Amino acid sequence: MDMAYASLTSLAQTLDQIFCHIRNHLLYNKQQVESLREKVRFLQEFIEDCDQGRIEVPRDLENQIKNVAHLAEDIIETKMVDDILGISPRPLEGSTLFCQKIEGLIQEFDSVKKMVVGMKEREGLKYDQRSRKSYGKSLSGLPPGGKISAMVGLEEHLIRVMEELTGQQPKRQIFPIVGMGGIGKTTLCRNVFENPLIVQHFHIRAWITVSQDYSFREIIRRLLRETGVPFEREYQETTQSFEEMRDDQLGEQLHKSLSGRKYLIVMDDIWGVEVWDEVKMFLPDNGNGSRIMVTTRRSDVAHRLSSCSPYKMDFLDENESWSLLCQIVFGQESYPVEFEGIGKQIAGNCRGLPLAIVVVGGLLSKSDMTEEYWEYVAQHLSSVVNSENDEHCLSMLYLSYKHLPVHLKPCFLYMGIFPEDSEIRVSKLIKLWVAEGFLKPITAKSLEEVAEDYLKDLIDRNLVMVRTRKSSTKVRSCSIHDLLRDLCSKVAHKENFSWLITETEPGINSLGKQRDLEEAPRGRETYIFQKIRSRISNFFGFKGDDPAPSSPHPIHSSTLTPYSLSIPSSIKDTRRLVIPRCSFGNWGQIYRRAKSASFTRSLFSDDFYLMRHLFFCFRLLRIVDEFNDYSPETIRTVVNSRYLACRFWPSRLKSGIPPTIKLLRNLQTIVVNSNSSSAEPIALPSEIWEMPNLRHIEINEAILPDPPRARGPNMNTRSHYLHNLQTLFTVRNFRCNNTNVLERIPNLKKLKINWEDGSTYYNHLNNLAHLQELESLSCTCSGEILLGNRAFPDSIKKLTLNGCGLRWEDMSIIGSLPNLEVLKLYGTMYGEDWNTVEGEFLNLKFLLLWSLDLCHWEAESSHFPRLESLIISYCQKLEEIPFGIGEIPTLKLIQLHHCGEKASLSAEQIQEEQQSLGNEDLQVRVLGTVYVEDNLVSEESEDEV
């Protein structure tokens, strides 16, 4: 019932949205909509009962539920789009026809409901609203002992690899680690990479994931970031930006940054030697023991990369497998003796593959802790032990998917949409999940909070991996193992959850490959473009046959011959299409395959040329991830959108987003990312205040207009409130003095402001206290901010101030914020002395001091009682870190970057003192500078904070 539940949840949200707009009260029959909503709710609860009781639902019934839910959503959203665009029939006629369709849907749902009632009677299911559990709430955390690092069986490997890396051989060496997928190569490398001895041994450490479809330019860019070359802030102010550099120039910059220093670079998941051949010339042999550690599944690649023998990883033995399973399921506690026999059988069926053990362990840790259930798992695992390695592993992983709660399954399958080995930004992932509509609302929680809970659950089950964390310790980015991604792709295709269209195996085969198909030529007036224009004309209601081709170039008759392409009927009903970049020769074929899925709601592609035209084919799109044309005409083609992302702003639209954006009544997220740091701010239209469903506005720099004021007694300005808006950045010259603005965004959680020179609006910063839900605030300005006692709301958890000209005396106002956890100060303070006092910064966990004139700092451990990380960068006047800081019991890290010798020495003395007291948990990193060819180069990049 996996996709049936997701379809019902999406339909329920669509029904709930109908009456969010006043005009819809006149166009829709409320009684019909409520009747439909009640039947949807009944079926949702039926599936939840079956899921909790592990009752198998007939496949035919599941398909019927999914199909009728999809049909209902298609009819309703088509009607909504027609109404918005004004292309419906005459109002009375259109409403009558729509009511007839809804009545037909109600009868379809009644038919399905009768089947469900009959099944419930046969199975003995009893429906009792009072006894039902609150569904959709994710379990939190692992069993006692918490989440552990799965290093069982790797301890010996860890020691041997570290000995190889720190050996006396001065020449640069490549150290390949080889083994099958899921054997633990990446886990081993990550533990080596983060080991304190390795951190101290190498000046620079960098980690890149390569995968099969690698980009040389992206590899070099990532290495530059991790080796400490200023990527945006300082570098672009003085010289050519990285975006403008050629690949060889980027490589030369990397070579310069590595010259003379001992470095360790990890190249994870290499599939061929080509990537090494491209990169190696930019990795200098400094004769000081630099190392490149490589992981690969292919032994031939490992042998070709290095003259030394590859380090081969083998399967775990029976004892190691059982020990790892125990750690995953029971944590640090001892296991119940009655589980030993059946537990060893389960561990043995995993064939010593750590990934399989970790995933199956995640399943067991979240399920009933009974012998009967463990025997059930063992029985299903034993049925696949004779498969080939990859198929065997996928079969075991599928068991974990099959036993996911029904509300988590679409979230897990969604991970397969992202490219292999990609680092997925959690903030984007959550917005996409919300826009898709398959998250069921939970009382007293926003949909974003529900999504965070679901993601945490998937992480706890070892199905999703954490890649990086924010300074607040929340997950910043995540990823999924490629074997699990393969599982997502297979199940998603089987369930018609999403389709991946590619030009090579296996994607084309899955859609019916036609080798004799004539590809569309590239000429501007070719047949394919005529078809596009015809499609657009039909969309806007214009009639007529396809215009004849008018290209001055001859077109082969075969191009005009009607084509016959065998496409599975299921793709025509798919909700999500993923189209990787394709060669132009296959553009026409890919286009024809994709446009057949006319009811697609989500379109993902990094092929800009294809996306420019393809979205015209889909009237009901909710998610467009590469939308690059905000012209009024084009906006009319995506009026059903909930998530709209633009990589860069078209130069022809310098005036800003057009007023027609208000046609996107259901829009939740708008994202505009400009590649140029000198781009002009984008002006938002006043109609932005007429979009009550907006949840996130993320633009490099935007100008927010004032909301409209009442011009007469009949004007309803209550509709100009953005109650759902949670994120707003970056706003130039945000008018804090205008309470008319602040009171219309009462639930804002994240705000980013940039005040330009001469702006006076920041003098009214105190008004931000009106934003009672604000949790994250970032302010950048070149003037002096005046703070009152109530400058910020008490809800603030993260505060970033850049160049705001505060005095150290003002820190008492900031320190009094009761929920403040993260504080970042970039060149923002006047004065050289900071004296902290007890009773402030009670919950501060992360403190960053960047480029300050601070000279003398006096503090005790009680002044920052919960501090975990202290990062100090470019504070070259600072004489010492207060020794009381080292006595903070929660402190885990002190990191200095480009600070003076005295401050660095005091940090090392703090570490020595704490070690003498038995505190081995405190890490101190002093990242100094060296001079190479008269260039000042940092030894390591600043941690992303």
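The chain contains 31 helices and 31 strands, in a model that is predicted. Of its 945 residues, 56% are buried, and the area that the chain exposes comes to about 41,300 Å², with carbon and sulfur atoms supplying 47% of that area. When contacts between residues at least 6 apart in sequence are considered, 67% of them join residues that are at least 24 apart.

**Nonpolar cores**

- The largest nonpolar core comprises 108 residues, and the members with the most contacts inside this core are Phe-734, Trp-857 and Phe-864.
- Another core, lying apart from the largest one, has 52 residues, including Leu-404, Leu-432, Leu-463 and Phe-604.
- As a general background to such clusters, nonpolar side chains in soluble globular proteins tend to be buried together.

**A parallel open sheet**

- Five strands, taken in the order 2-3-4-1-5, make up an open sheet in which the pairing is parallel.
- The edges of this sheet are occupied by strand 2 (204–209) and strand 5 (311–312), and because each has a single partner strand, one side of each is left without a neighbour in the sheet.
- Within the sheet, strand 1 (residues 173–178) runs parallel to strand 4 (residues 291–296) and is joined to strand 4 by six bridges; for Gln-173, the bridge partner in strand 4 is Arg-291.

**A helix packed on the sheet strands**

- Helix 9 (residues 216–226) lies across both strand 2 and strand 3 (263–270), and the direction of helix 9 is at about 150° to strand 2.

Methods:
Residues are numbered from 1 along each chain as its sequence is written. This is a predicted model: local features need pLDDT of at least 70, side-chain atom pairs count only at pLDDT 80 or more; totals for chains, interfaces and linings use all residues. Side-chain values use heavy atoms; hydrogens and water are left out. Helices (H or I, at least four residues) and strands (E, at least two) are DSSP runs, numbered from the N terminus. Buried means under 20% relative accessible area, exposed over 50%, partly exposed in between (1.4 Å probe, protein chains only). Contact means heavy atoms within 4.5 Å. Accessible areas come from the Shrake-Rupley method with a 1.4 Å probe; for residues, only the protein chains shown count as cover. A nonpolar core is a set of buried Ala, Val, Leu, Ile, Met, Phe, Trp, Tyr and Cys residues joined through side-chain atoms within 4.5 Å. Two strands pair if DSSP finds at least two bridges between them. Axes are lines fitted to C-alpha atoms, for helices over the stretch in contact, and angles run from 0 to 180 degrees between N-to-C directions.
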